[in-house]
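Could you walk me through this model, one selection at a time? I have it open in a viewer and would like to know where to click and what is there.

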Amino acid sequence: MPSKTPPSGAESRTGRKNADQITEDIKTSKIDTMTETTTKPKKSPATGQTLLSYGVQPYVSIDGENYMSEAQLVHFRNILNIWKNALLQGGDETIHDLKESAEIPADISDQATQEETFALKLRTRDRESKLLKKIEESIELIDNKEYGFCNECGEEIGIRRLEARPTATLCIDCKTLDEVRERQRG
Ligand SMILES: [Zn+2]
């Protein structure tokens with residue numbers, strides 16, 4: 001195995017995984033709510049803003065609480081269900097729109113626009129159904145009490161990361177590595 005060179009800062013002296021640090025930070029409430037450990041500002045629609053706009057507050061751990069305790073599982077099941085319902089409602093609207101727009105016969109230029117809109121809506125639907133499947137899978141993981149751990153390395157994904165991306169199946173380290181590989185392939 002190639003050995004990782006430690007960052008020049010003194011921060012990660014133990015070389016332990018991020019998750020430990022995150023747990024540590026949560027205990028001492030050092031983590032800024034909703035921000036990822038990496039650099040990106042909270043911009044993407046799939047981040048904590050969604051969570052908050054659904055009326056769900058960030059989880060506050062009790063001292064000495066285990067990772068993925070019963071209360072935490074309830075918290076994430078709640079988030080996933082709210083998200084799922086919101087998507088399902090949105091999906092209904094899309095189907096409704098599709099029917100509606102199919103009924104209107106239009107002139108040629110309108111037809112082109114209509115086809116584009118149609119294609120766009122289908123793509124959105126496709127994305128939504130994939131997301132729904134992911135949400136279902138995450139709920140299943142909660143049922144089996146396997147939720148919150150990285151598929152790749154088995155480490156804790158972390159509460160804050162999961163709140164930002166409730167369907168995450170990789171820890172931030174493995175996800176980053178995954179993206180780098182993806183870029184090299186693509
Ligand atoms: Zn991992």
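One term first: a helix here is a DSSP run of H or I at least four residues long, and helices are numbered from the N terminus. With that in hand, select H4 and step past its end: lysine 145 follows this helix and has a positive phi, near 55°. Keep in mind throughout that this is a predicted model.

**Stop 1: the whole chain.** Show the protein chain as a cartoon. You will find six helices and zero strands, so to speak a walk through α-α-α-α-α-α when read along the sequence. The chain has 186 residues, and 16% of them count as buried. Now think about contacts between residues at least 6 apart in sequence: 63% of these join residues at least 24 apart.

**Stop 2: colour by confidence.** The mean pLDDT of the chain is 76, with 63% of residues reaching 70 or more. Which helix has the lowest mean pLDDT, and which the highest? Select residues 18-27 for the lowest, helix H1, at 48, then residues 172-185 for the highest, helix H6, at 95. Next, pick residues 6-17, where the pLDDT is below 50 and the model has five contacts beyond near neighbours in sequence. Residues 22-48 are also below 50 in pLDDT, but that stretch has 35 such contacts in the model. A word of care for such places: where pLDDT is low, the predicted coordinates should not be read in detail.

**Stop 3: helix H6.** Stay with residues 172-185. H6 has 14 residues and spans 20 Å from its first C-alpha to its last, close to the 20 Å expected at 1.5 Å a residue. Is this helix largely covered or largely in the open? It lies largely in the open, because one of its 14 residues is buried.

**Stop 4: helix H4.** Select residues 108-143. H4 has 36 residues and reaches 52 Å from first C-alpha to last, close to the 52 Å expected at 1.5 Å a residue. H4 is hardly covered, with three buried residues among its 36. Show the side chains of Ile135, Ser138 and Leu141 to see those buried residues.

**Stop 5: the nonpolar core.** Now select Phe76, Leu80, Ile157, Leu162 and Cys171. These have the most contacts inside the largest nonpolar core, which has 16 residues. H3, H4 and H5 are the elements that give two or more residues to this core, and H3 gives the most, with four. As general background, nonpolar side chains in soluble globular proteins tend to be buried together. Zoom in on leucine 80: leaving aside its neighbours within four places in sequence, its contacts are Ile135, Ser138, Ile139 and Pro166. Two of these names, Ile135 and Ser138, you met among the buried residues of H4.

**Stop 6: two loop residues.** Select methionine 68, in the loop between helix H2 (48-53) and helix H3 (70-103). Methionine 68 has a positive phi of about 55° although it is not a glycine. Is methionine 68 buried or exposed? It counts as buried, because 21 C-beta neighbours lie inside 10 Å and the cut-off is 20 or more. Finish at lysine 145, in the loop between helix H4 (108-143) and helix H5 (159-164). Lysine 145 is not a glycine either, yet its phi is positive, about 55°. Lysine 145 counts as exposed, because it has 10 C-beta neighbours inside 10 Å, and 12 or fewer is the limit for that label.

Conventions:
Residues are numbered from 1 along each chain as its sequence is written. This is a predicted model: local features need pLDDT of at least 70, side-chain atom pairs count only at pLDDT 80 or more; totals for chains, interfaces and linings use all residues. A nonpolar core is a set of buried Ala, Val, Leu, Ile, Met, Phe, Trp, Tyr and Cys residues joined through C-beta atoms within 7 Å. Two residues are in contact if their C-beta atoms, placed from the backbone, lie within 7 Å. pLDDT is the predictor's confidence in each residue, from 0 to 100. The expected span of a helix is 1.5 Å times one less than its number of residues.
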